[in-house]
Amino acid sequence: MNRTIPLILAVALFMENMDSTVIATSLPAIAVDIHTSPIALKLALTAYLVSLAIFIPISGWMADRFGAKNIFRAAIAVFIVGSIACALSGSLPAFVVSRFLQGIGGAMMTPVGRLVLVRATPKSELVAAMSWLTVPALVGPLVGPPVGGFITTYFTWHWIFLINVPIGLIGIWLATRFLPETESMETPPLDFLGFVLSGLAASGVVFGLSVVSLPYLPPATGLITVAVGLLSGALYLLHARRAKNPLLALELFRNQVFRSSVLGGGLFRIGIGAVPFLLPLMFQIGFGLTPFQSGMITFVSAIGAIGMKFVTALIFRVAGFRRVLVVGSLVAAASIAINGLFTPDTPYLLMLAMLLVGGFIRSMFFTGVNALAYAEVSAEDTSKATPITAVFQQLSVALGVALAGGILEVSTSLHDRSLTLADFHTAFFVVAAISAAASLSFMRLAPDAGNAISGHGRLTTPKTLETSTAGK
């Protein structure tokens, strides 16, 4: 497999994923510098998520209309401009607007980057290609906190954003030099009503969940916003049934393989979204560690995520999607639950070993579930499948953070005390159980689901493989 394409795309996506988490560590320093409070500054985090939710649905149409390679490069450029604006911000409104601008670039980078990869990679090599592309999503949230703490402590918070400029420029040059040319396609007119309704639905749910889990605004605001988002989602469903070319092609969910990948993967991501939120807090509040110490412990999961890339394709080729995803979701959920057994007396080497194994398993699972989404999607429909998968990923991660935060809040309210280690243990067990439920979705898959991209069940001789492919 030509690793150049997925690695170029992965560099850009890593920049986005790390940036979205690195800011959390630096909020106090930024707040002091722009004369606001860290709690008020959380609006900047929400602005980024809302921007993603609004513009991800339109990414597929943009890629078809103007060419996926062109949109990918333009997205990096917008992200760079937003990063510079963040570094130059001197007030809360300016910082919130800058983060929203960054989110527009991020909303296009992730789904369009995946679209470029799917269109440039033969299906038989898609698992291997996806294994490299999924690294940023797993590594970024874990690397972000220690990197943010280091930069803020030894330099200034401005470099968190300015460092994106050279990385982004290199990414644009590499994309121009090495990514295959993608022609614009004949596209129907933009479904503007669908764009408005889907944007309101996704952003309403994401913003509302963020407010409920991190109540820097009255919780009622979050509940009302979620209700507006759900209502908009229902209206979009009615609109999509009547529209000739709806923005989000929900008919793809009629395919069981695509449906299992998106819904099962979304259910599992609830637990994954909660882990980067819960683990550093548990280490700092429950164990009494510093932010940098906790970041250095969680970083080992990123090492496991990277290490798994070298054997993932082989595992799916030998065992097949159904078996690996069922077992993988259960084992990965168990690795989340194990975090609920950690105490300050647990040997650090044991914790590091458990986090390393968890990183391995989750990396394998996400590589498979991301590739499976395209297993039975035609080349013409890849631009329709990509924004749907991206939207569900954002919603499930936001739900994971909201659920984890809600569990902690309910636990402290019931016992009328501050957070304790037991509260974090409870949260880990609950989100692990939800992630384990994803296995039910994959159990419904046919035994040969995804064999076209995993190679499972085929003879490995070139002649036989060529004959089998030609027959299809």
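## Exercises on a predicted helical model

The largest cavity has a volume of about 90 Å³. This is a predicted model, in which local features need pLDDT of at least 70, side-chain atom pairs count only at pLDDT 80 or more, and totals for chains, interfaces and linings use all residues. Residues are numbered from 1 along each chain as its sequence is written, and side-chain values use heavy atoms, with hydrogens and water left out.

**Exercise 1. Find what lines the largest cavity.**

Step 1. Fix the terms. On a 1 Å grid over the protein atoms alone, a cavity is a set of points where a 1.4 Å probe fits but cannot get out. A pocket is an open set with protein on both sides within 12 Å along at least five of seven lines. Lining residues have an atom within 4 Å of a point. Grid points are joined across faces, edges and corners, and a volume is the space filled by probe spheres set on the points.

Step 2. Count. The whole structure holds one cavity of 30 Å³ or more.

Step 3. List the lining. It has 13 residues, and Ser 261, Arg 269, Asn 370, Thr 389 and Gln 393 are the closest to the centre.

Step 4. Assign helices. H11, helix H15 (348–372) and H16 each give at least two lining residues. H11 has the largest share, five residues.

**Exercise 2. Describe the second largest pocket.**

Step 1. Volume: about 560 Å³.

Step 2. Lining: 27 residues, with Ala 201, Gly 233, Val 391, Phe 392 and Leu 395 nearest the centre.

Step 3. Elements: helix H9 (192–213), helix H10 (219–242), H11 and H16 each give two or more residues. The largest share, seven residues, comes from H10.

Step 4. Look at one residue of H10, Ser 232. Its relative accessible area is 6%, so Ser 232 is buried. Buried means under 20% relative accessible area, exposed over 50%, and partly exposed in between (1.4 Å probe, protein chains only). Beyond neighbours within four places in sequence, Ser 232 contacts Leu 197, Leu 200 and Ala 201. Contact means heavy atoms within 4.5 Å.

**Exercise 3. Summarise the fold in numbers.**

Step 1. Secondary structure: 20 helices and zero strands. Helices (H or I, at least four residues) and strands (E, at least two) are DSSP runs, numbered from the N terminus.

Step 2. Burial: 54% of the 472 residues are buried.

Step 3. Contacts: of those between residues at least 6 apart in sequence, 84% join residues at least 24 apart.

Step 4. Surface: about 19700 Å² is exposed, and carbon and sulfur atoms supply 70% of it. Areas come from the Shrake-Rupley method with a 1.4 Å probe; for residues, only the protein chains shown count as cover.

**Exercise 4. Locate the nonpolar cores.**

Step 1. Define. A nonpolar core is a set of buried Ala, Val, Leu, Ile, Met, Phe, Trp, Tyr and Cys residues joined through side-chain atoms within 4.5 Å.

Step 2. Take the largest core. It has 105 residues, and Phe 258, Leu 278 and Met 282 have the most contacts inside it. Helix H11 (residues 256–286) gives the most to this core, twelve residues.

Step 3. Apart from it lies another core of 17 residues, including Ile 34, Leu 41, Phe 95 and Ile 160.

Step 4. Trace Leu 278. Not counting residues up to four places away in sequence, Leu 278 touches Ala 404, Leu 408, Phe 424, Ala 427 and Phe 428.

**Exercise 5. Check the spans of H16 and H17.**

Step 1. State the rule. The expected span is 1.5 Å times one less than the number of residues.

Step 2. H16 (residues 382–415) has 34 residues and reaches 50 Å between its end C-alpha atoms, close to the 50 Å expected. Just after H16, Asp 416 has a positive phi of about 50°.

Step 3. H17 (residues 421–436) has 16 residues, so 22 Å is expected; its end C-alpha atoms are 23 Å apart, which agrees.

Step 4. Find the cover of H17. Its buried residues include Phe 424, Ala 427 and Phe 428. The cover includes H11, helix H14 (321–338), H16 and helix H18 (438–443).

**Exercise 6. Is Ile 23 buried or exposed?**

Step 1. Place Ile 23: helix H1 (residues 4–33).

Step 2. Ile 23 is buried, because its relative accessibility is 0%.

Step 3. Name its partners. Not counting residues up to four places away in sequence, Ile 23 touches Ile 30, Leu 45, Phe 95, Arg 99 and Phe 161.
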